[in-house]
Amino acid sequence: MSKERTDSQIKLCCAAFYQSDIVRLMLGDVLHPGGLELTGHLGAVMGLKKTDRVLDVACGRGASTVHLAERFGCQVTGLDYGAENIAAARARAAERDLAHLATFRQGDVEGLPFYDGAFDAVISECSFCTFLDKAAAAREMARVLRPNGQMGLTDMTVRGGPLPADLQGLLSWVACVAGAGTPESYVASFRGAGFGHFTVEDHRDALLEMVNDVRRRLLGVELAVGLGKLDLGDPNLDEGKRLALRAVELIE
Ligand SMILES: C[S@@+](CC[C@H](N)C(=O)[O-])C[C@H]1O[C@@H](n2cnc3c(N)ncnc32)[C@H](O)[C@@H]1O
């Protein structure tokens with residue numbers, strides 16, 4: 001199988017994971033630690049203003065895209081690999097009467113469908129860790145940003161050496177664990193793409209809170225499936241629970 005084909009299968013698998021019923025049950029529409037509070041904080045730190053054109057890379061179901069448009073009054077474009085995510089994001093913007101400010105495109109971060117310098121600011125939340133070619137992703141984000149524009153990233157990071165072998169599987173990859181790097185490695189990716197002046201903040205409490213919340217919800221889902229009140233096909237709940245527990249151990 002060609003590398004291109006394998007890469008696009010992994011991207012499709014990642015998008016499918018974040019479009020699945022089980023993930024929606026676990027996380028709702030906001031697919032990153034810290035929720036919209038952290039998104040608002042990121043926008044404030046970046047000093048977003050009404051006249052800005054903002055790109056939300058790997059926007060998932062568009063919760064942050066719509067939130068930034070609502071809170072800062074700016075024009076925000078959300079892009080995601082998953083077609084169902086994009087459809088859900090458009091519906092969300094329409095429901096909130098924000099379709100004139102929050103618009104969406106399906107696409108791949110490794111080849112963004114926008115011209116050079118099209119945006120004043122680019123954000124990406126809990127997604128850089130899932131990108132297969134991080135250097136290409138950072139390069140593309142830099143290309144569509146105007147000179148002296150701002151890039152805002154929130155993401156999972158790891159400290160120390162590589163992750164243990166049991167966290168290197170496909171589920172770990174799409175669940176943002178296996179592809180996560182150190183904060184320094186993310187800075188290096190963006191420095192390599194031409195960015196300077198970095199500010200790094202630690203929000204590990206938000207991550208711990210999210211993982212613990214997922215563990216509680218997994219137990220609820222397991223109970224509902226066991227009682228026959230919920231049919232999710234054949235999700236690997238045991239693997240999900242194991243992953244969540246290992247994540248807590250690693251964060252702590
Ligand atoms: C953890 S979710 C985060 C979604 C959103 N940023 C949020 O915080 O709600 C990761 C997202 O990355 C998207 N994604 C993964 N690889 C991608 C790629 N190569 N190009 C565009 N989107 C991608 C997935 O479809 C998924 O929606």
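Trainee: Where does Asp97 lie in this predicted model?

Mentor: In this predicted model, Asp97 belongs to a loop rather than to a helix or strand. The elements on either side are α5 and β3 (102-106). Asp97 therefore lies in the loop between α5 and β3.

Trainee: Is Asp97 buried or exposed?

Mentor: A residue counts as exposed when its relative accessible area is over 50%. The relative accessibility of Asp97 is 65%, so this residue counts as exposed.

Trainee: What is the phi of Asp97?

Mentor: Most residues other than glycine have a negative phi. Asp97 is not a glycine, yet its phi is positive. The value is about 60 degrees.

Trainee: In which loop does His197 lie, and what is its phi?

Mentor: His197 is found in the loop between α8 (183-192) and α9 (204-226). It is a residue other than glycine with a positive phi. That phi is near 55 degrees.

Trainee: Is His197 buried or exposed?

Mentor: The cut-off for exposed is over 50% relative accessible area. Because His197 has a relative accessibility of 84%, it counts as exposed.

Trainee: Is Gly82 buried or exposed?

Mentor: Gly82 lies in the loop between β2 (75-80) and α5 (83-95). Buried means under 20% relative accessible area. At 2% relative accessibility, Gly82 therefore counts as buried.

Trainee: How many Å apart in space are Gly82 and Tyr18, C-alpha to C-alpha?

Mentor: In sequence, Gly82 and Tyr18 are separated by 64 residues. In space, their C-alpha to C-alpha distance is 8.3 Å.

Trainee: Where does the ligand sit, and which residues come nearest to it?

Mentor: The ligand occupies the largest cavity. There are 22 residues around the ligand. Those that come nearest are Leu31, His32, Ala58, Asp80 and Asp108.

Trainee: Which helix gives the most to the shell around the ligand?

Mentor: The shell divides into 12 nonpolar, 6 polar and 4 charged residues. With 4 residues, the element that gives the most to this shell is helix α1 (residues 3-19).

Trainee: What percentage of the accessible area of the ligand does the protein cover?

Mentor: One nitrogen atom of the ligand is 3.2 Å from a polar backbone atom of Tyr81, and a nitrogen atom of the ligand is 3.1 Å from a polar backbone atom of Glu125. An oxygen atom of the ligand is 3.2 Å from an N or O atom in the side chain of Asn85. On its own the ligand has 600 Å² of accessible area, and the protein covers 99%.

How values were computed:
Residues are numbered from 1 along each chain as its sequence is written. This is a predicted model: local features need pLDDT of at least 70, side-chain atom pairs count only at pLDDT 80 or more; totals for chains, interfaces and linings use all residues. Side-chain values use heavy atoms; hydrogens and water are left out. A residue is near a molecule or strand if one of its heavy atoms lies within 4 Å of it. A polar contact is a pair of N or O atoms within 3.5 Å; within protein, one must be able to donate a hydrogen and the other to accept it, and residues adjacent in sequence count only if both atoms are side-chain atoms. Accessible areas come from the Shrake-Rupley method with a 1.4 Å probe; for residues, only the protein chains shown count as cover. On a 1 Å grid over the protein atoms alone, a cavity is a set of points where a 1.4 Å probe fits but cannot get out, and a pocket is an open set with protein on both sides within 12 Å along at least five of seven lines; lining residues have an atom within 4 Å of a point. A molecule sits in a cavity or pocket if more than half of its atoms lie within 2 Å of its grid points. Helices (H or I, at least four residues) and strands (E, at least two) are DSSP runs, numbered from the N terminus. Ala, Val, Leu, Ile, Met, Phe, Trp, Tyr, Cys and Pro count as nonpolar, Asp, Glu, Lys and Arg as charged, and the others, Gly among them, as polar. Buried means under 20% relative accessible area, exposed over 50%, partly exposed in between (1.4 Å probe, protein chains only).
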